[in-house]
Amino acid sequence: MIRLILLGLMLAFLGTPVPSAHAHALEPGYLELEPLEAENWRVTWRKPAVSGQPMSIEAVLPENCAYQRPPSTQFDGYAYISRWTTECVGGLTGNEITIEGLENTNTDVLVRYTLDSETGQTMRLTARTPSFVIPATPSTFGVFTSYVALGVEHILGGIDHLVFVLALLLLIRNWRPLVAAITAFTVAHSISLVAATLGWVTLPAPPVEAVIALSIMFLASELVQQSKDHQTLTVRYPWAVAFAFGLLHGLGFAGALVEIGLPEGDIPLALFSFNVGVEIGQLMFITVVLLLGYLLLRLAPKNARKALQPQGVALITIGYGIGGVAAFWFVQRLALF
């Protein structure tokens, strides 16, 4: 009955039109410089919002640019945007771009720039490296490394996705169905990530984020109900359940990627790189969980097997814990509607 109610709520919320609002943890900044005629550039500066206010970071262009700092910003529902044009006498090559205040945050900033008629390049700035000197011969390798790093950070920072994967690992005990489920989850979220990022599928972020919380509550209820005499839906059809929910989680990944922004000339590469980063982060998490499980079984084999078996104390406690956290996320995300 509980599972049917959760499934019904998921379908209902996916079909409910609501105003768009930001609900995701990943909030990098984005600075883009597009060349115009002569030595002029069109500048776009996207600053993340924190509690409804612009983050305390600022883009500072090279000293040879007429307007080094952005004019006033406008909130677009996700972030604070500034757009202006500037003349940089002598060009951008060999000059420094700085994100002032970035060293005091946990945020990344992607800098996208194009030198004359060359293909645009991307540089990822962090708290440790808040500035860089624009090289004379940039490489597309920068796009790959930047978006891979963002993908890894997104999955490791997105605790809801990790909790979902953890619940799958606890529910599915045989390695073949587990591999099939993880593979199905990966394929599904890759499909919906590409479809949503390219605009083929459009859903507002708040209901997607809320239903992701519901999907975790669904698995938590299965952890609690699973027994030797009762195989849950996920245990009976692991890859099908993982694929269905993977499509949903991919929409969450896409929401983060859309907020970051994609370089127009390197959209396929950026998409591929971000997805590679997500998979690397996911595999890192699975490896750590399996390693901890192995160590636990080696240190206290009898007690660990008893506690983690269906209806065992540990599994029941984890199930209620995951369900409680997911319920909190669900209510919290409903408040953003």
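## A tour from the S2 hairpins to the largest pocket

Select residues 51 and 52 to begin: in the hairpin of S2 and S3, with 2 residues between the strands, serine 51 takes a positive phi near 50°. Strands here are DSSP runs (E, at least two residues) and helices likewise (H or I, at least four residues), numbered from the N terminus, and two strands count as paired if DSSP finds at least two bridges between them. This is a predicted model, in which local features need pLDDT of at least 70 and side-chain atom pairs count only at pLDDT 80 or more, while totals for chains, interfaces and linings use all residues. Residues are numbered from 1 along each chain as its sequence is written, and side-chain values use heavy atoms, with hydrogens and water left out.

Stay with this hairpin and add strand S3 (residues 53-54), which pairs with S2 in the antiparallel sense over 2 bridges; valine 50 stands opposite glutamine 53 in S3.

Next, select the whole of S2, residues 40-50, where 9 of the 11 residues are buried, that is, under 20% relative accessible area with a 1.4 Å probe and protein chains only. Adding strand S1 (residues 29-35) brings in an antiparallel partner joined to S2 by 6 bridges, with tyrosine 30 having arginine 46 of S2 as its bridge partner. S1 and S2 also form a hairpin, with 4 residues between them, and alanine 38 in that turn has a positive phi of about 50°. Strand S6 (residues 79-87) is likewise antiparallel to S2, through 9 bridges, and here asparagine 40 stands opposite glutamate 87.

Now move to the segments that UniProt lists, in an unreviewed entry, as "transmembrane region", among them residues 147-171 and 207-225; such annotations may be inferred rather than shown by experiment. Over residues 147-171 the chain is 96% helix and 0% strand, with the end C-alpha atoms 32 Å apart, and over residues 207-225 the chain is 100% helix and 0% strand, with the end C-alpha atoms 27 Å apart.

Finally, select Leu169, Arg173, Gly293, Leu297 and Leu308, which are the closest to the centre of the largest pocket among the 19 residues that line it. Helices H3 (159-171), H4 (175-197), H8 (267-299) and H9 (301-308) each supply at least two residues of this lining, and H8 gives the most, with 7 residues.

Conventions: On a 1 Å grid over the protein atoms alone, a cavity is a set of points where a 1.4 Å probe fits but cannot get out, and a pocket is an open set with protein on both sides within 12 Å along at least five of seven lines; lining residues have an atom within 4 Å of a point. Buried means under 20% relative accessible area, exposed over 50%, partly exposed in between (1.4 Å probe, protein chains only).
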